[in-house]
Amino acid sequence: MQSTGVNRVITTTSVVVAAKDQVSSDLAGETVILSLRTGMYYGLDRVGARIWALLGAPTRVLDIRKALVDRYEVEPDRCERDVVSFLQQLAVRELVDIRDEIAP
Amino acid sequence: MRRRRSTASETADLLLTTLRLHADVDVAALRKRWAASSPAGLATLTEYEGCVLWLHQRLRELCIFDAVPAAFAEWLSQRAHFLVARNLLVDAQRDDLVQILNELRVPHVLLKGSARRLIADRYPYADARSTSDVDVLLPGNTALPTWQCLRAAGFEPASASPTTYDGHFHLPPLRNGRAVAVELHTSTSTFVPAPVAWTRFAGTAQAATCAGGPTRIPGATELLWHAITHAPLPHPFAFRMRLFQDAAVVCAAGAEVDWGEIAMRLTTDELPHRALARRWLGTAAQLGALPDAASPLRPLPTPDLSKILSWRLGVCRLLDTRGLRPPRPVWGRHPVSRVRRLLLDQAAQVELKLPSTLSPPGTPSARHIGRGVAAGAARVCYQAWRLFSHP
C-alpha cells in the first residue's frame, strides 16, 4: 500500500521515499527541491539534505533516525520527533511517498 | 568607534578575488575582507553580472560564507535557491528532450547551459550559472524532421512568428506544458555552416548521462570556442561575469583545449570583431588563468576588470537607495533601471574601447539625439570618475 501521505501518521516503522514528480539538486551542501507538479521549490539545510539523500530509496524512519544519531550529537527521542515532523512537512507538500513496508 | 567599511573599489576587488578560479587563494585574508565589507549595491551588481550562483558556490566551498554580512548572505542564499530551482526545471526539460531524441535515434550534442549543467565534475563551476532554455545541436538534415516530430509530440512554437527564423542557425524555439524553450540548432553561429559545426562538435564530443539517458556534450575546445562566439560582442553586456564564466571554467580546469585551433579561429571571419574577441578572452582568462599550453594565444590584452567592477558597484550603490536589495529590476524598463544600465554600458564602451551602440533602424531622430546626449553624459560621468579615482 502506498500513499502520498498527506493525512497519514508517520511512525518509526513507516517507509518513506522521495516522490517521483520532483527533482532536486545539491547547492553547496544544502538541497533545493522543485515539485514538477506544483512548480513550488523548497530549500533544505544540511541536515535536511542528509535526510533527503537517504530518501532516494525507500527507507524506514527508524533507519533515518539511526543514521542521524550516528552522525550528529542528538538524543534519539528528540531526533525521532524532529525527523517525523520533517517528514510530515515533506508529505504535506507531496514530496515523499509513505509506505507501510518495503516492497519485496 | 565604528570600523571603517570597505569602499566600492575594495568591495569590487573582493568580489573579483573571490570569483577567480585560482588555486592559490588566501582564504583567511578573504574571510577578513568579507567580514569588513560593505554589501551596499552588491546584490544589484551580482544580479547584473549574472554571478549569483558562482559567488554563492565559491563562498560556500571556501568556507567563508559565514563571514559575509548577514543581510547580503541571506539575499544571496535566497536568490541562489531560486536560480537552482529554475535550473532544475530546465534540467527536467533537457532530460525529456534527450529521451525523445534517443527514442528517435537522432544524434545530438547538448549546448550551452544544458551541457554545462552536466560537466561540473570535469569543469568545476561550469554548472554554477543560471540557465533558461535547452539548446541542442543536431546534424543539419535531421533538425527539421526532429522539430516536426516534437510538434507532433505536443511542442508548440514559442514565438508568434516562426518565419523570422528562416535561414537562422536554430529552428524556432519550441515549448510544451513546461515554461522552458527548446532550441534545435543546426550551427552555433551565423558564420559557421551547419556541416562544419556538426563535424566540429560531433567529432570531439564527450559522453555524458542525464536522467533522459546517454547524451553528448561538447569537447573542451568547442566549449571554449562557443563561449567566445556566444558573447554578444560588441555589446557592452558581453563583458559580464556570467559570460566570462563559460570561458574561465574551461581555462581553469586545465582541460585539453586545442589552443592552436582557438588561435587560428581568432584570425578568421568567424568572428566579426576579432580584436574585441581577443580582449574579451583576455578578460575571461584573468578569472580562470590560462595554462602554459595556451602560448599560441599570447599575448592577450588584459583589461582592468577590477576598475570596471568598481565603477559598476559605485553606480549600483548610487542608484540603490536602500543599500542592499535592488530597488528596481536590473533589466527592467523603469527609468532607474535604464539609467543604471546606461551608466554601466557607456563606461564599458569607454574602458574597453567598444564601438558605439547605434540606435535601431527607424528610431525617430529626436529619440536618437536624446540617446546620444544621454550616452555622452554617461561617458563624461565615467571619465570624471576615472580621473578622480584612478588618476
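Which residue in strand 4 of chain A is the bridge partner of Gln22(A)? In this predicted model, the partner is Ser35(A).

## Hairpin in chain A

Strand 3 (residues 22-27) and strand 4 (residues 30-35) of chain A run antiparallel and are joined by six bridges. Besides the pairing of Gln22(A) with Ser35(A), Asp26(A) in this hairpin stands opposite Thr31(A) of strand 4. Two residues separate strand 3 and strand 4 of chain A in the hairpin. Ala28(A), which lies in the turn, has a positive phi of about 50°.

## The sheet and what packs on it

Strands 3, 4 and 5 of chain A form an open sheet of three strands, in the order 3-4-5 and with antiparallel pairing. Strand 3 and strand 5 (41-44) of chain A are at the edges; each has a single partner strand, so one side of each is without a neighbour in the sheet. From one strand to the next, the twist averages 20°.

Two helices that pack on the sheet can be described, one from each chain. Helix 1 (residues 46-54) of chain A touches strand 3, strand 4 and strand 5 of chain A, and its direction makes about 60° with that of strand 4 of chain A. Helix 5 of chain B also touches strand 3, strand 4 and strand 5 of chain A; its direction makes about 130° with that of strand 3 of chain A.

## Contact between the chains

The contact between the chains takes 10 residues from chain A and 13 residues from chain B. On the side of chain B that touches chain A, helix 4 (52-61) and helix 5 (70-103) of chain B each supply at least two residues. Helix 5 of chain B gives the most, with nine residues. By character, the residues on this side of chain B are six nonpolar, four polar and three charged.

## Helix 1 of chain B

Helix 1 of chain B (residues 8-19) has 12 residues, which at 1.5 Å a residue should span 16 Å. The C-alpha atoms at its ends are 16 Å apart, in agreement with that span.

Which residues of helix 1 of chain B are buried? They are Ala8(B), Thr11(B), Ala12(B), Leu14(B), Leu15(B) and Leu19(B). Because these residues cover an arc of only 155° around the axis, they are on the same side of helix 1 of chain B. An α-helix has 3.6 residues a turn, so residues three or four places apart point the same way.

The buried residues of helix 1 of chain B pack against several other helices of chain B: helix 2 (27-35), helix 3 (42-49), helix 4, helix 10 (241-252), helix 12 (274-288) and helix 13 (305-318).

Definitions and conventions:
Residues numbered from 1 in each chain as written. Chains lettered and ligands numbered in written order. Predicted model: local features only at pLDDT ≥ 70, side-chain atom pairs only at ≥ 80, totals over all residues. Contact = placed C-beta atoms within 7 Å. Helix = DSSP H or I, 4+ residues; strand = E, 2+ residues; numbered from the N terminus. Nonpolar A, V, L, I, M, F, W, Y, C, P; charged D, E, K, R; others polar. Pairing = 2+ DSSP bridges. Axes fitted to C-alpha atoms, helices over the stretch in contact; angles between N-to-C directions. Expected span 1.5 Å × (residues − 1). Buried ≥ 20, exposed ≤ 12 C-beta atoms within 10 Å, placed from the backbone. Arc of directions from axis to C-beta.
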